[in-house]
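This report describes selected features of the structure shown below, from individual helices to annotated domains and cysteines.

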Amino acid sequence: MAAVSSMSKMYGLCFRAVRQTAGLKAYRLLQRRGFRVTVLQLQQTFDSSLEKPQFPGASAEFVDQLEFIQPNVISGIPVYRVMDRQGNIINPSQDPQLSKETVLNFYQKMTMLNTMDRILYESQRQGRISFYMTNYGEEGTHIGSAAALDPNDLVFGQYREAGVLMYRGFPLDHFMAQCYANADDLGKGRQMPVHYGSKDLNFVTISSPLATQIPQAAGAAYAVKRENTNRAVICYFGEGAASEGDAHAGFNFSATLECPLIFFCRNNGYAISTPTNEQYRGDGIAARGPGYGMLSIRVDGNDVFAVYNATKEARRRAVAENQPFLIEAMTYRIGHHSTSDDSSAYRSVDEVNYWDKQDHPISRLRHYMTARGWWSEDDERSWRKQSRKTVMEAFERAERRLKPNPELLFTDVYQEMIPSLNKQRESLWRHVQQYKENYPLDLYEK
Amino acid sequence: MAAAARLFLRGANSKLSIAPGSLGTTLLKLSPNCSSRTKTQRRHAAHFTFQPDPVPSQYGPTQKMNLFQSITSALDNTLASDPTAVIFGEDVAFGGVFRCTVGLRDKYGKDRVFNTPLCEQGIVGFGIGVAVAGATAIAEIQFADYIFPAFDQIVNEAAKYRYRSGNMFDCGNLTIRAPWGCVGHGSLYHSQSPEAFFAHCPGLKVVIPRSPIQAKGLLLSCIADKNPCIFFEPKILYRAAVEQVPEDPYTIPLSQAEVLQEGSDVTLVAWGTQIHVLKEVASMAQEKLGVSCEVIDLQTILPWDIETVCKSVVKTGRLLISHEAPVTGGFASEISSTVQVRLKWPVSHPPHSHVFTLCTDDVNCWCIH
């Protein structure tokens, strides 16, 4: 019996986390913040007469039965959802009851993203841009979480969060400019497509190395906490990137340093060709949160309201309580990893079709809207036509635009120009002047 | 053996009633072989003599400080003047394993001087994030030997942040500090000089001071600089180097090499601890060989002051570079090849660029590479 009670105590943290995540009530979990002690407070008295462990490293009870804790992957952390797959609200108390205008905006942003993805993917196939990554199937994770944030909250992403930028109002022209690396690109044409960034919209520029943004987000959240302006930071990453050492570092730092940060993991089933059973053996990413002392939840990523609710509550508490939250949004990557990938090499068309037809964030939201009479077939037809036209117009403008001035190859390496770089720059121009017939300078801005 | 004896003696003198200390002393006393300290068993003294600079007069009142105290002074000045500045790393809260942050947590608060978990990639990644959010981040890596887990964050992220974002974002507010270089007993993992790895990374600045006065001024320049900087502190100088250091903040410009003494026959270039070796070399060369040496402290490795070195080599016609760290791919090769290219060296008189040191004492502490 001692074994059972001590087992349940060992599980205690997990069970409490599960109960916490199951309901959205704001009752305070009595945090066992045993490690949040200052150097002075660590002068605890050790008393060997007590039959309780005195180790500074953990507060726990003794147990005299040898038993290993089960990872409990069979019945793991449950998936929070608000709508069923047909878009019906399951528990009315969980319906965030957003206005028609807001919900329509969610829908239009998700579909606009989808339309842009189709056109830009095709443009890569036609050799117009060099590379592209679609967001098919994950639109709900972007729009739901972005809507729950404040516009001033800082966003660190991985590469499949274009919907967050779109929700915040990043113009189509800027998406296109970055993909085309033309003279209008805010990034000055230096990176591969989909490496978006926007200072005005508080979206830190994407970089290719995976998971590097995770400890950075922790640092930014710490600085933001010290600013005392009630801002939060959100950090997006996939379940594959969560295997990187940087992820472990970010989780641990944010918890020990008490940062107002939301970790948002898009678990879409694949890291390029690697399925989740080759990525991890534990119960996904959400189960790792308690190991770091972090409040965690698993949500249905294809349910935009579930994503919205979880993110909203996590944001509220992260700022109020200065602690990180981990949200694992379960979803499915309907598209290929990128234009360099053909996923039929490692998964069946049937599998992809299931998610596309039976459990898609856009369809589920549409059913919610049509059930309330907010959206009709005519609305759908005219919206599809209008959004496609808007995207195509931006696309054509971007295609015609000149490329950035080659001078921009050499600026921003340092804040200031340094002599050795300047010398290289001069050397380049001398060369180009001498052999200008080999360089298509008229395609570049002067 | 002698070191072990000293350890046990220390143990015996402590107030704790721990048996091992006194037992050890007793055992050592009883053993006949341990009574004499033969020459081969004695720990060697340092391979150089620290040569302090004259007291600077232009920065206000000075105070006697060793290298780690001059670092503390720079950090103190920074925390006082910049409310966003934070210092973090392993063990910095209690003062740091080299005492560089002593007193700062009590003075400025636990939210500004704090320990992080033991994770260099996290320390630098976290530091980048602090800097990106607009605060001043001073990250400490406990030994330069342990900077490699953070290499990805430094090279792929910190160095490229501004360029890749079209100048929308940057981490210029980040400074990384690490103890650097040989210390005598450090062996493979407490002695490394990794500046050459970072020299290959545009976007970073890499700075190495030779003394307390230099260290404080250069560190303050790194902190003020709007680019991510790595500041390597020669650990062997932490206590050994003592100078009169100005109490008030002052900066020494980056990317400006300093000609420490003028000469006409050969240019000697070094940084950090080796400057003191080369200064001795220069006086030995003058005395024994009648050779007049021009000694240059490079100070900033990246971007390095090509002009000053080239100007000197044009005058002397000969170049000798001396550094710790392995020869192959070491920073001397960059200096040597750049000087040759810039000066379009005539084939008949190629410069000699060597990476060795002329030592007066037994050499006991080089990295074995």
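## Helix α12 of chain B

In this predicted model, G317(B) adopts a positive phi of about 85° just after α12(B). The helix spans residues 306–316 of chain B, and its buried residues are I306(B), V309(B), C310(B), S312(B), V313(B) and T316(B). Viewed down the helix axis, these buried residues fall within an arc of 160°, so they line one face of α12(B). On the face turned away from that buried side, α12(B) carries the exposed residues E307(B), K311(B) and V314(B).

The packing partners of the buried residues of α12(B) come from both chains. Chain A contributes α13 (419–434), while chain B contributes β10 (266–270), β11 (293–297), β13 (319–321) and its own α13 (331–343).

## Helix α11 of chain B

Helix α11 covers residues 274–289 of chain B. Its buried residues are Q274(B), I275(B), H276(B), V277(B), L278(B), K279(B), E280(B), V281(B), A282(B) and A285(B). They pack against α10 (237–240), β9 (258–261), β10, β11 and β13 of chain B. Strands β10, β11 and β13 of chain B are also among the elements against which the buried residues of α12(B) pack.

A glycine with positive phi follows this helix: G290(B), just after α11(B), has a value of about 65°.

## Annotated domains

For chain A, UniProt places the feature "domain: Dehydrogenase E1 component" at residues 108–407, in an unreviewed entry. Over this range the chain is 46% helix and 11% strand, and the C-alpha atoms at its ends lie 39 Å apart.

For chain B, an unreviewed UniProt entry gives the feature "domain: Transketolase-like pyrimidine-binding" at residues 65–240. Here the chain is 38% helix and 16% strand, with end C-alpha atoms 10 Å apart.

## Cysteines and disulfides

How many disulfides are there over all chains? With a cut-off of 2.5 Å between cysteine sulfur atoms, the count is 0 over all chains. C100(B) is in no disulfide, and the nearest cysteine sulfur, that of C222(B), is 14 Å away. C100(B) counts as buried because its relative accessibility is 3%, under the 20% cut-off.

C171(B) is likewise in no disulfide; the nearest cysteine sulfur belongs to C229(B) and is 10 Å away. With a relative accessible area of 1%, C171(B) is buried.

Conventions:
Residues are numbered from 1 along each chain as its sequence is written. Chains are lettered from A and ligands numbered from 1 in the order in which they are written. This is a predicted model: local features need pLDDT of at least 70, side-chain atom pairs count only at pLDDT 80 or more; totals for chains, interfaces and linings use all residues. Side-chain values use heavy atoms; hydrogens and water are left out. Buried means under 20% relative accessible area, exposed over 50%, partly exposed in between (1.4 Å probe, protein chains only). Helices (H or I, at least four residues) and strands (E, at least two) are DSSP runs, numbered from the N terminus. The arc is that of the directions from the helix axis to the C-beta atoms. Contact means heavy atoms within 4.5 Å. UniProt positions are given in the numbering used here, feature names are shortened, and annotations may be inferred rather than shown by experiment.
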